[in-house]
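Trainee: I am new to this structure and would like a close look at a single part, its charged side chains. Could you walk me through them?

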Amino acid sequence: MSTDERYLHLLSHTYPTVADAASEIINLEAILNLPKGTEHFLADLHGEHEAFIHVLKNASGNIKRKVGEIFGNTIREAEKKELCTLIYYPEQKLELIKAQEEDLDDWYRITIHQLVRVCRDVSSKYTRSKVRKSLPEEFSYIIEELLHERTDDQDKAAYVAVIVDTIISTGRADDFIVDICNVIQRLAIDQLHILGDIYDRGPGAHIIMDTLRQYHSWDIQWGNHDILWMGAAAGNNACICNVLRLSLRYANLATLEEGYGINLVPLATFALETYGDDPCTEFIPKLLKDTKMDEKTLQLTAKMHKAISIIQFKEEARIFHRRPEWQMEDRCLIEAIDFEHQTCTIDGKAYAMKDCHFPTLFRDESLELRDISTGAEQKRPTFNLTPEEDALMQKLHHSFRVSEKLRKHIRTILSHGCMYKICNQNLLFHASVPLNADGSLKEVQILGKSYAGRQLMEYIGQLIRSAFQNDTPADLKAYAKDYFLYLWCGKDSPLFDKSKMATFERYFLSDRETFHEEKGNYFRLRDSAEVCDRILDAFGVHAASRTGTGPRHIINGHVPVHAASGENPIKAGGRLMVIDGGFSEAYHTETGIAGYTLIYHSRGFQLVQHEPFTSTQDAIQRGTDIKSTTQIVEMSTHRMLVADTDKGAELRDQISDLKALLYAYRHGTLNR
């Protein structure tokens with residue numbers, strides 16, 4: 001039996017008759033002619049869980065727009081606002097309404113009819129089968145009946161009215177309203193794309209991950225901050241130190257302590273014992289506007305911040321010396337400190353130090369190291385962890401490794417993502433593709449082999465996964481664990497792509513010229529249509545297969561767009577869209593906004609620019625919403641159908657297979 005015959009034989013188990021195969025062909029052909037589902041793209045969430053969850057609930061303002069279109073002038077603006085808040089937060093809003101509403105049954109009756117109208121609108125572009133799968137089991141039949149019966153049909157008006165009245169009289173109105181609101185939220189977004197950086201800065205990365213674990217359809221293109229946490233979970237001590245340092249820098253310990261149960265008491269104890277008399281001025285955390293911290297806690301946080309930073313520089317130096325092929329030994333700057341003159345020498349120039357209080361730096365003269373400027377072998381001092389630092393790192397390492405919730409979240413990131421994704425003629429990745437100065441793809445060496453473009457991204461994805469697999473050879477697993485650090489701060493990392501990460505300089509040096517981090521060629525050339533086309537070609541992103549024409553795009557995050565200064569997120573003649581608008585509060589003053597959502601629906605692309613979100617409590621009690629401005633990026637000349645998408649290509653392949661099965665049935669060539 002040939003491969004084709006074996007395949008048709010297997011297919012016949014699912015479609016055992018001519019009628020079954022023909023029915024499925026009819027179904028798939030019909031699906032091809034539905035409008036494409038709405039995709040939402042978000043990037044650089046950075047732990048801002050309240051804003052993120054609200055954007056999911058309001059579908060980046062799309063639900064508010066639909067409510068406005070459906071009800072027009074038939075209800076007041078205040079009523080539309082109340083209805084939207086109910087859709088976003090049904091359980092909480094119901095409690096408030098029940099405490100205030102005098103005629104609750106009448107409110108239930110009106111509201112259920114309104115919610116059914118909204119649900120009917122958001123479900124209109126899907127098949128009944130897909131909508132049915134989105135419905136809660138308890139109310140599936142009732143919602144389906146209400147969605148497909150029209151109250152303007154006199155013969156059915158009484159039927160619909162009785163259904164609603166019975167929901168109310170049986171005491172199920174609250175449960176029904178909650179469930180249909182959740183269905184509206186779910187159907188408003190068909191596919192969610194996260195372009196990296198869930199972690200760091202904000203307080204709720206773990207809450208974002210809990211939300212995504214329950215979300216119906218999403219993917220992630222790993223960001224540099226995600227990789228840092230993945231490295232920490234894999235046991236890379238330098239990544240653990242960086243995670244702790246960033247959390248302390250923004251006085252954000254909720255994700256560590258409350259989210260993942262990381263025990264920071266040993267670090268606090270060590271910091272007080274070692275840096276008790278040190279004011280740690282350069283390590284005072286950056287407090288966000290709603291963060292309250294007393295002076296004693298502020299000082300303790302600063303000491304912990306400095307303590308883990310020094311350990312970080314030691315741990316990084318250990319890896320950089322172990323991996324000389326990375327050519328990053330020049331970043332071992334604690335080895336370039338002249339304690340006598342209180343300077344640090346970089347590229348042959350001595351810079352004044354702001355702080356030279358390092359009680360745990362003891363030189364180890366026994367190691368043979370290469371000179372960081374000449375490359376010649378010579379004895380140079382390095383710094384090992386003190387016994388106290390070593391004991392501390394063992395405890396922190398253990399705490400990260402045994403966190404079941406962290407492991408669960410990292411497994412979720414691994415199962416839902418990779419370094420890049422191609423979806424409906426769009427190339428998604430977090431930061432960059434390493435390029436040469438002329439815009440050609442740069443060859444990057446990993447374990448003695450060269451990779452560029454798509455092959456580089458794919459190999460890095462494999463390498464990252466190998467760090468978590470039990471059957472990975474020990475030497476490869478050790479390299480993979482170290483490589484998380486290179487991805488975080490390596491010059492040719494697609495997640496960093498800068499000349500250096502000037503962490504040491506910002507903490508310890510006075511001269512601001514040392515702070516400069518030269519961006520890679522991708523960031524210099526990404527406004528060139530020719531360069532973007534070259535990248536798209538290299539990744540095999542082609543025009544829509546059905547029409548043979550149509551736009552293709554690169555979609556990135558990583559570098560905040562300075563919207564307040566007039567920077568345009570749309571670059572290279574529309575080929576590149578940069579959607580990091582600064583979800584994190586730490587970026588709001590820099591960007592002037594509070595994030596972007598890129599929406600790709602059947603009519604084209606729209607970019608939604610968000611203003612800062614106040615709070616979930618405000619949204620529930622006062623009906624406040626994220627104020628958003630929509631910019632039309634690119635509209636299609638025809639309404640895009642499922643046939644125009646990647647899913648459409650899959651369905652056409654299925655139709656072709658089913659037609660072959662149908663032919664085999666009718667001509668008797670299939671023996672079962």
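Mentor: Happy to! Let us begin with a term: a patch is made of residues with over 30% relative accessible area and no salt bridge, where like charges are joined within 9 Å and nonpolar side chains (Val, Leu, Ile, Met, Phe, Trp, Tyr) within 5 Å. The areas come from the Shrake-Rupley method with a 1.4 Å probe, and for residues only the protein chains shown count as cover. Lys and Arg count as positive, Asp and Glu as negative, while His and the chain ends are left out. Each charge is placed at NZ of Lys, CZ of Arg, CG of Asp or CD of Glu. A salt bridge is a side-chain nitrogen of Lys or Arg within 4 Å of a carboxyl oxygen of Asp or Glu.

This is a predicted model, in which local features need pLDDT of at least 70 and side-chain atom pairs count only at pLDDT 80 or more, whereas totals for chains, interfaces and linings use all residues. Residues are numbered from 1 along each chain as its sequence is written, and side-chain values use heavy atoms, without hydrogens and water.

Now to the patch. E101, E102, D103 and D105 form a negative one on the surface. D103 belongs to the loop between α6 (90–100) and α7 (104–122); helices (H or I, at least four residues) and strands (E, at least two) are DSSP runs, numbered from the N terminus. D103 counts as partly exposed because its relative accessibility is 43%; buried means under 20% relative accessible area, exposed over 50%, and partly exposed in between (1.4 Å probe, protein chains only).

Next come the charges that pair. The structure holds 35 salt bridges. One of them joins K405 to D210, with the closest N and O atoms 3.0 Å apart. K405 lies in helix α19 (residues 404–416) and D210 in helix α12 (residues 205–213), so the pair ties together parts that are 195 residues apart in sequence. K405 is partly exposed at 30% relative accessibility, and D210 is partly exposed with a relative accessible area of 30%.

D278 and K306 also meet in a salt bridge (2.6 Å, N to O). Because D278 sits in the loop between α16 (265–275) and α17 (295–322) and K306 in helix α17, this pair ties together parts that are 28 residues apart in sequence. D278 is buried, at 6% relative accessible area, and K306 is buried at 0%.

Finally, a salt bridge links E39 and K36 (3.0 Å, N to O), both of them buried, while D533, D537, R552 and R575 are linked in a salt-bridge network.
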